[in-house]
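I opened the model today to look up a few local features. My notes follow.

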Amino acid sequence: MSEKKQTGARARVQRFGSFLSGMIMPNIGAFIAWGIITALFIPDGYLPNEDLAEMVGPMITYLLPLLIGFTGGRLVHGLRGGVVGATATMGVIVGADIPMFLGAMLIGPLGGLAIKWVDKLFEGKIKSGFEMLINNFSAGIVGAILAMIGYYVIGPIMSGLTNILGSAVEALVNAGLLPLVNIFIEPAKILFLNNAINHGILSPIAVDQTQELGKSILFLLETNPGPGLGILLAFSIFGKGISRQTAPGAAIIHFFGGIHEIYFPYILSKPALILAAIAGGVTGTTTFVAFGVGLTATPSPGSIVALMPLTARGDHLGVIAGVLLATLASFIVASLILKFSKNDEEEDLNEATAKMEQMKGKKSSVSGQLNSQEEQKEQANAEVSDRNTDVVPSVDRSNVDKIIFACDAGMGSSAMGASLLKNKFKKAGIQIDVTNMAINDLPSDVDIVITHKDLTERAVQRVPNAHHISVDNFLNSPKYDELVNELKSE
């Protein structure tokens, strides 16, 4: 298979993972709320309360799948798609005897797609005065039909699939083989395929386990910060040049901020380090299994600060041990690889960062820590990007009221970029609203949209009337200062 075909296949899987995360990530707050209520008020919780514990069942059975179904439909066809997606999701909820997360992730977007087709069918054919009647009844009819299909077809099928996957995980646990799953998870993270694995398979099964057991170890498989921390600590001691200089700061952002992508360029600079990540992941999961620990909900981001509040009662020691031992294992393996490798075999970190950006389609958090040479290189790339991107060259900024940083999920790197620009505006005395969100959620009234150069085309298609700024690095772009100076002059 050619490199082009491999890249295309990887990009398709990444887009699929991005779409899955687009349904889950906006609703993570609801998942965490359910996890907190579960951890506190179930009979084995920290503060057992029979009355408040009654919320646990309805939230996992109805609220969370309906939110996922609505979000999936909305991603496809706006609010109308969301309403139809949620209505259709009710069918799979009632048609199954387990929480229907996988069913919601399937039928929600299907509902949005169905009403989108129907709207196209009636486009330009509705007589004046009948628009509301046709629109409301078409959405109602499509939602009702899909709800019945969900009840009789999709619900039972997805229920059976979920049971099969759950049984497979249980078999792995009973056979002591669950740690081997990290052999696939850790390389998938480096290739940015973790969303498809984490949100598409692990989390739905984990939530089902949590309803039965009050916790699930599956929440810890991909989110454990230990493997990445060990690699960054190894670079802090045995690394060379810029990798050694930037590793300590990256370790803090990774461990406490939960931004795992910050250590990916370090592994890409020496691919053998994937063995260190696997060693850390396998060791951590082995420890979690040995202690029998689990979390009550998906920790997001994968930070030690997020892990601790969601750890089931009495499991904190085991979770901490798993993180620390994973750190130690990846540190030992990474240290050996770095110490005994030849200097000329180590790929430059800047080149590895560029390779990572090419795979993901947006800038790594670690690039913001690189030296001035990287800044100069970035500025040159940004100029090339401007020449090659179909973006309005200038805009009247005197009436700018809203600036939005946009990326796939609307979190992570875009949030840090928005925070950085807010600080620059504050110092310059500029009173303009700056926020961040997913590209699919961009509102039509936004004035300026800032995206990574590989995502600008999608943003332009979403809001063609806005002024678009394309950058190479969300954390350290010279275009921020240019924007500040232009707005100050206005």
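First, a term I need: the bend at a residue is the angle between two fitted axes, one for the seven residues ending there and one for the seven starting there. I am working from a predicted model.

**Entry 1: helix H3.** I looked for a bend in H3. I found a kink of about 145°, centred on His-77. I then checked the span of H3, which covers residues 56-94. Its end C-alpha atoms are only 17 Å apart. A straight helix of 39 residues would reach 57 Å at 1.5 Å a residue.

**Entry 2: strands S3 and S4.** How do S3 and S4 pair? I see the parallel sense, with five bridges between S3 (residues 448-452) and S4. Ile-450 sits opposite Ile-469 of S4. I traced the connection too: S3, helix H17 (residues 456-462) and S4 form a right-handed β-α-β unit.

**Entry 3: burial of S4.** Is S4 enclosed or open? Five of the five residues in S4 (residues 467-471) are buried, so the strand is largely enclosed by the rest of the structure. In a regular strand, side chains alternate between the two faces of the sheet. I therefore checked each face of S4. His-467, Ile-469 and Val-471 are buried on one side, and His-468 and Ser-470 are buried on the other.

**Entry 4: the second largest pocket.** I noted a volume of about 470 Å³ for this pocket. Its lining has 22 residues. Val-169, Glu-170, Val-173, Gln-209 and Leu-213 lie nearest the centre. Helices H5 (131-174), H7 (194-213) and H11 (274-291) are the elements that each give two or more residues to the lining. H5 provides the largest share, eight residues.

How values were computed:
Residues are numbered from 1 along each chain as its sequence is written. This is a predicted model: local features need pLDDT of at least 70, side-chain atom pairs count only at pLDDT 80 or more; totals for chains, interfaces and linings use all residues. Side-chain values use heavy atoms; hydrogens and water are left out. Helices (H or I, at least four residues) and strands (E, at least two) are DSSP runs, numbered from the N terminus. The expected span of a helix is 1.5 Å times one less than its number of residues. Buried means under 20% relative accessible area, exposed over 50%, partly exposed in between (1.4 Å probe, protein chains only). Two strands pair if DSSP finds at least two bridges between them. A crossover is right-handed if, with the strands pointing away from the viewer, the path from the first strand over the helix to the second runs clockwise. On a 1 Å grid over the protein atoms alone, a cavity is a set of points where a 1.4 Å probe fits but cannot get out, and a pocket is an open set with protein on both sides within 12 Å along at least five of seven lines; lining residues have an atom within 4 Å of a point. Grid points are joined across faces, edges and corners, and a volume is the space filled by probe spheres set on the points.
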